[in-house]
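Let's walk through this model together, starting from one residue and working outwards. Have the viewer open and follow along.

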Amino acid sequence: MERLRIVFSGSGGQGVITAAIVLAEAAVLHDGLLATQTQSYGPEARGGATRSDVIISDAPIYFPKVTQPNVLVSLTQEAYMKYYDIVRPGGILLTDPRHVTVLTAVDSRQVEIPMHSAMTDHPATPAGYNICVLGAFLALTRVVRPESVARVLEARMPKASLSANLEALERGLALGETHHIRGS
């Protein structure tokens, strides 16, 4: 497998870090891959800038930070403006049109998926939106199996919110299958 470098970015409270942790755990625990996950966030508990880097590979990973991701997930305009130009040429830039207005002058495949809208009628859990985003990401990249992510969710999520989170994952997967790509 080619090494996949991912940056999840947004604001505190969107579940960016949780999505990255779930992805890395799925890769390591259930798909036999190697992964690293790092995170950084502002001092605010909610609403501050948040970033989480994930590297997934079948070969050793010697440096855990991502400088030029294959995939950038930006869930706020601020995160998009800060990171849109670090995506590798030909990489994927995943955004939600409710929160991000994309620029056309980037050398990546821009994928706009209305994930937030898909979750408005969903029995909301704090992690529901981010799990939908993770599902859309999986549909676009196929880096780990969705059932591996589901197994991590079963182990991590409270029983009361598990079915809602599994449904959010399914919604994201379905949305990702019908994505729209802008750019090269």
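Start at Leu 23. Skipping its neighbours within four places in sequence, Leu 23 is in contact with Ile 6, Phe 8, Val 54, Ile 56, Leu 134, Phe 137, Leu 138, Val 143 and Val 144, where contact means heavy atoms within 4.5 Å. A quick word on ground rules: this is a predicted model, with local features needing pLDDT of at least 70 and side-chain atom pairs counting only at pLDDT 80 or more, while totals for chains, interfaces and linings use all residues. Residues are numbered from 1 along each chain as its sequence is written, and side-chain values use heavy atoms, with hydrogens and water left out.

Leu 23 belongs to the largest nonpolar core, which has 45 residues; Phe 8, Leu 23, Met 115 and Phe 137 touch the most other members. A nonpolar core here is a set of buried Ala, Val, Leu, Ile, Met, Phe, Trp, Tyr and Cys residues joined through side-chain atoms within 4.5 Å. Buried means under 20% relative accessible area, exposed means over 50%, and partly exposed is in between (1.4 Å probe, protein chains only). Helix H4 (residues 128–141) gives this core its largest share, ten residues. There is also a second, separate core of 14 residues, and its members include Val 7, Ile 61, Ile 86 and Val 100. In soluble globular proteins, nonpolar side chains tend to be buried together.

Now zoom out for a moment. The protein has six helices and seven strands, which are DSSP runs numbered from the N terminus (H or I, at least four residues, for helices; E, at least two, for strands). Read from the N terminus, the order is β-α-β-β-β-α-β-β-α-α-α-α-β. The C-alpha trace spans about 45 × 40 × 35 Å along its principal axes. A compact globule of 184 residues would have a radius of gyration near 16 Å, and the protein's 15 Å agrees with that; the radius is taken over C-alpha atoms, and the globule rule is 2.2 Å times the number of residues to the power 0.38. Of the 184 residues, 53% count as buried. Among contacts between residues at least 6 apart in sequence, 60% join residues at least 24 apart.

Back inside, look at strand S1 (residues 4–11). Seven of its eight residues are buried, so S1 is largely enclosed by the rest of the structure. S1 pairs with strand S3 (residues 49–57) in the antiparallel sense over eight bridges, pairing being called when DSSP finds at least two bridges between two strands. Ser 11, for instance, stands opposite Ala 49 in S3. S1 also runs parallel to strand S4 (residues 71–74), joined to S4 by four bridges, and Ile 6 has Val 71 as its bridge partner there.

S3 has some polar business worth a look. Arg 51 lies in this strand, and at 12% relative accessibility Arg 51 counts as buried. Asp 53 is in S3 too, buried with a relative accessible area of 1%. Their side chains make a polar contact at 2.6 Å; that is a pair of N or O atoms within 3.5 Å where, within protein, one must be able to donate a hydrogen and the other to accept it, and residues adjacent in sequence count only if both atoms are side-chain atoms. Both side chains also find Val 66: Arg 51 reaches the backbone oxygen of Val 66 at 2.6 Å, and Asp 53 reaches the backbone nitrogen of Val 66 at 2.9 Å.

Finally, swing round to the helices. Helix H6 (residues 159–177) has 19 residues and reaches 28 Å from its first C-alpha to its last, close to the 27 Å expected at 1.5 Å a residue, that expectation being 1.5 Å times one less than the number of residues. Its buried residues include Leu 162, Ala 168, Leu 169 and Leu 173. Their cover includes helix H3 (115–119), H4 and helix H5 (146–156). In H5, Ser 148, Val 149, Ala 150, Val 152 and Leu 153 are buried, and what covers these residues includes helix H1 (16–30), H4 and H6.
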